[in-house]
2 protein chains.
Amino acid sequence: VNRRYLDDFQPGDRIPSEGEYEMTLERIRDYATEYDPQPIHLDAAAAVQEMFGGIVASGWHSLSVTMQLIVEARPFGGSPIVGVAIENLRFLRPVRTGDVLRAEAEVLSVRRSASRPEQGFLVLRVVTVRQGDEPVLTQDWTLLVPRRPQ
Amino acid sequence: VNRRYLDDFQPGDRIPSEGEYEMTLERIRDYATEYDPQPIHLDAAAAVQEMFGGIVASGWHSLSVTMQLIVEARPFGGSPIVGVAIENLRFLRPVRTGDVLRAEAEVLSVRRSASRPEQGFLVLRVVTVRQGDEPVLTQDWTLLVPRRPQ
């Protein structure tokens, strides 16, 4: 397994998603049916009466898609992405049918663990955009990342 | 549509989930296949070599299930749950095959909007537990909630 370690990152490093993900009506409905069964995600006639004026994707769907985009970028090679905390998560705009999502992570900080020298914490700012440049979500992930074995 | 408004909540109010959700191996795999295709969620032989020593659910899967549990509790009656921010999200423990999740939200604060008198912000602390009492996730949601029409 080809792994990348905490030692391989510096503040300012960028990890762009390689793929993109189209929020089709079918995908919005499939996610919402299982995890967020509200009319604003499932029922066009009801959704038009509510705040966004039509069907929007579940925020948790857009967050799940963001994870898929970052996972596919394999920031740690074969090592898993292990999250410990999320801060500063903002839903900036509703995501609608046909929006095409991409994501990019930027390293904010790299911190060695004081108590466990074999690991540390990486803080990433993750921004999700639609149609290439319009931000819809932003969040800061704190990940637990192994250090390179000595 | 029977709606609950910002005015109907006070700090300390609790919204428990009515149902529960079992994290079966099939559900863990179905979610991970689409949104978090890492071996620690999909491949028992690979997962045993990693930090958690076996298959664990995607953190985003547990978060999605938490939303499902709170949606089913219908905290605002027929009105949608509209999130604007999340803070203090912590992944406290890994979620494993067979864990049964429940969730509870507690109102931390109720704030009227200074600029828009027809709405305001509700901050909920949402805690997800397994097997009835062991916390696995905690997070603070800021929701946009309409005020009762005068």
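**Two chains, one shared surface**

Read along the sequence, chain A of this predicted model follows the pattern β-β-α-α-α-α-β-β-β-β.

Reader: Nice to have that pattern to start from! How many helices and strands does chain A come to?

Author: Happy to count with you. The pattern opens with β-β, goes on through α-α-α-α and closes with β-β-β-β. The C-alpha trace of chain A spans about 60 × 25 × 25 Å along its principal axes. In total, the secondary structure of chain A comes to four helices and six strands.

Reader: What relation do chain B and chain A have to each other?

Author: Two copies of a chain are related by a rotation about an axis and a shift along it. Here, chain B can be laid on chain A by a turn of 180° and a shift of 0.0 Å along the axis, with an RMSD of 0.0 Å. Therefore the relation is that of a two-fold axis.

Reader: Which residue of chain B comes closest to the rotation axis?

Author: Good one to look for in the structure. The same surface serves both copies, as 100% of the contact residues of chain B recur in chain A. At 2.4 Å from the axis by its C-alpha, the residue of chain B that comes closest is B:E87.

Reader: How much area do chain B and chain A bury between them?

Author: The size of an interface is often given as the accessible area lost when the parts come together. The contact takes 39 residues from chain B and 39 residues from chain A. B:Y35, B:W60 and B:I86 supply 22% of the area that chain B buries against chain A, more than any other three residues. With 59% of it on carbon and sulfur atoms, the area buried between the two chains is about 3400 Å².

Reader: And the charged side: which residue of chain A does B:R3 meet in a salt bridge?

Author: Across the interface of chain B and chain A, the rule finds four salt bridges. There are also 20 residue pairs in polar contact across the interface, both residues at pLDDT 80 or more. On the side of chain B that touches chain A, the residues divide into 22 nonpolar, nine polar and eight charged. B:R3 lies 2.9 Å, N to O, from its salt-bridge partner, A:E50.

Reader: Last one from me: what is the bridge partner of A:A85 in β3(B)?

Author: Strand β3 (residues 83–91) of chain A and β3(B) run antiparallel. Four bridges join these two strands. In β3(B), the partner of A:A85 is B:R90.

How values were computed
Residues numbered from 1 in each chain as written. Chains lettered and ligands numbered in written order. Predicted model: local features only at pLDDT ≥ 70, side-chain atom pairs only at ≥ 80, totals over all residues. Heavy atoms only, no water. Contact = heavy atoms within 4.5 Å. Buried area = accessible area lost by both parts, 1.4 Å probe. Salt bridge = Lys/Arg side-chain N within 4 Å of Asp/Glu carboxyl O. Polar contact = N/O pair within 3.5 Å; in protein donor to acceptor, adjacent residues only side chain to side chain. Nonpolar A, V, L, I, M, F, W, Y, C, P; charged D, E, K, R; others polar. Pairing = 2+ DSSP bridges. Least-squares fit on C-alpha atoms with pLDDT ≥ 70 in both.
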